[in-house]
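Please look over the model below. This report covers one helix and the spaces inside the fold.

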Amino acid sequence: MQLIRGFHNLANFHALQKGCVLTIGNFDGVHIGHQNILARLCDKSLELNLPSVVMLFEPQPREFFAKKSANLTASSAPARLMRLRDKLKYLEEAGIDFVLCVRFSDKFAQLSADAFISELLVKRLQVRYLSIGDDFRFGEKRAGNFEMLHNAGLKYRFAVEESHTHSFNCERISSSLIRQALQQDNLHLVEKLLGRPYSIAGRVAHGNKLGRTIGFPTANIMLNRLVIPLQGVFAVQIQTKTGKYNGIANVGNRPTINGSKALLEVHIFDFNRSIYGEAIEVFFMHKIRNEVKFPSFEALKAQIEKDRQQAVEFFKEFAK
């Protein structure tokens with residue numbers, strides 16, 4: 001899979017000169033509904049002998065408008081389930097040929113719906129098949145909709161297909177439903193909707209190294225998100241380049257030491273290798289407790305030992 005940053009770079013990719021099959025969206029989480037859309041897109045790619053393309057936006061439109069609004073703060077944007085890097089990993093696993101990452105800006109937001117179709121979809125991408133949700137809106141003031149795309153398909157000779165909504169227990173599978181389940185600590189439901197346990201990936205960074213002074217050294221990942229989708233202490237599994245390990249993790253601001261930035265701290269069981277700078281992926285298996293401020297560092301140490309024991313017991317049951 002190849003990443004294309006912006007429409008101005010399309011000319012560098014000769015495989016797209018004869019057209020493509022396309023879907024458009026945020027694909028946050030790449031959940032099982034997304035996976036079905038992507039599988040359908042790959043089938044059409046084989047049928048038409050054209051490359052498959054996913055168009056997505058950075059920042060995501062709701063993040064962009066939340067930052068601009070005088071009445072909203074950046075935290076009004078929905079919590080991201082995954083960063084762009086992680087999204088690309090799962091899109092590649094789905095078999096997509098190209099990801100077109102479009103910078104969402106004032107200029108792009110002011111593009112008319114007609115120009116979006118004629119200049120971008122038809123002229124630049126030469127779309128032959130488009131899969132899109134019936135609630136998709138595009139162009140200035142969100143004037144473009146599914147009906148407009150359908151009519152444009154008749155005019156410009158490309159097929160437009162609704163990406164059918166997929167449901168779980170009669171509820172529409174969506175990134176919003178997953179965020180809600182994470183807020184409610186329903187990790188079992190989240191795993192069903194994603195087709196895998198929820199995870200956060202990143203490179204291990206140097207922290208304040210307080211954990212090692214109390215016998216709980218941690219691998220730290222800076223979250224660098226406007227809003228984090230979950231908080232608290234969890235039993236986790238950690239994928240490293242040498243294998244998968246069990247452990248405990250804290251996601252949050254570390255109030256006991258007056259932390260100010262959201263951080264993922266992971267204590268890996270039975271592990272003593274230095275992994276600074278290494279990419280790891282942390283899978284959230286079970287919620288142990290919420291993050292709280294303790295009256296002292298000693299009280300925090302005692303609680304972490306209890307957390308560790310709960311995680312050990314969880315994994316004993318998990319392995320049965």
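What follows treats a helix first, then a pocket and a cavity.

This is a predicted model: local features need pLDDT of at least 70, side-chain atom pairs count only at pLDDT 80 or more, and totals for chains, interfaces and linings use all residues. Residues are numbered from 1 along each chain as its sequence is written, and side-chain values use heavy atoms, without hydrogens and water.

**Helix 10**

Helices (H or I, at least four residues) and strands (E, at least two) are DSSP runs, numbered from the N terminus. Helix 10 covers residues 297-318. At 1.5 Å a residue, its 22 residues should span 32 Å; the end C-alpha atoms lie 31 Å apart, which agrees. The expected span is 1.5 Å times one less than the number of residues.

Which residues of helix 10 are buried? They are Leu-300, Gln-303, Ile-304, Asp-307, Ala-311, Phe-314 and Phe-315. Seen down the axis of helix 10, the buried residues fall within an arc of 120 degrees, so they line one face of the helix. The arc is that of the directions from the helix axis to the C-beta atoms. On the other side, Glu-298, Lys-306 and Glu-317 are exposed. Buried means under 20% relative accessible area, exposed over 50%, and partly exposed in between (1.4 Å probe, protein chains only).

The cover over the buried residues of helix 10 includes strand 11 (232-240), strand 12 (243-252) and strand 14 (279-289). Contact here means heavy atoms within 4.5 Å.

**Pocket and cavity**

On a 1 Å grid over the protein atoms alone, a cavity is a set of points where a 1.4 Å probe fits but cannot get out, and a pocket is an open set with protein on both sides within 12 Å along at least five of seven lines; lining residues have an atom within 4 Å of a point.

The largest pocket holds about 1,300 Å³ of space. Its lining has 47 residues, with Gly-25, Asn-26, Asp-135, Phe-136 and Arg-137 nearest the centre. Helix 2 gives the most to this lining, with four residues.

The structure holds two cavities of 30 Å³ or more. The second largest has about 80 Å³ of space. Of its 14 lining residues, Leu-81, Met-82, Tyr-90, Arg-196 and Ser-199 lie nearest the centre. Strand 9 gives the most, with three residues.

Here are the linings by class.

| Lining | Nonpolar | Polar | Charged |
|---|---|---|---|
| Largest pocket | 17 residues | 18 residues | 12 residues |
| Second largest cavity | eight residues | two residues | four residues |

Ala, Val, Leu, Ile, Met, Phe, Trp, Tyr, Cys and Pro count as nonpolar, Asp, Glu, Lys and Arg as charged, and the others, Gly among them, as polar.

Definitions and conventions
Grid points are joined across faces, edges and corners, and a volume is the space filled by probe spheres set on the points.
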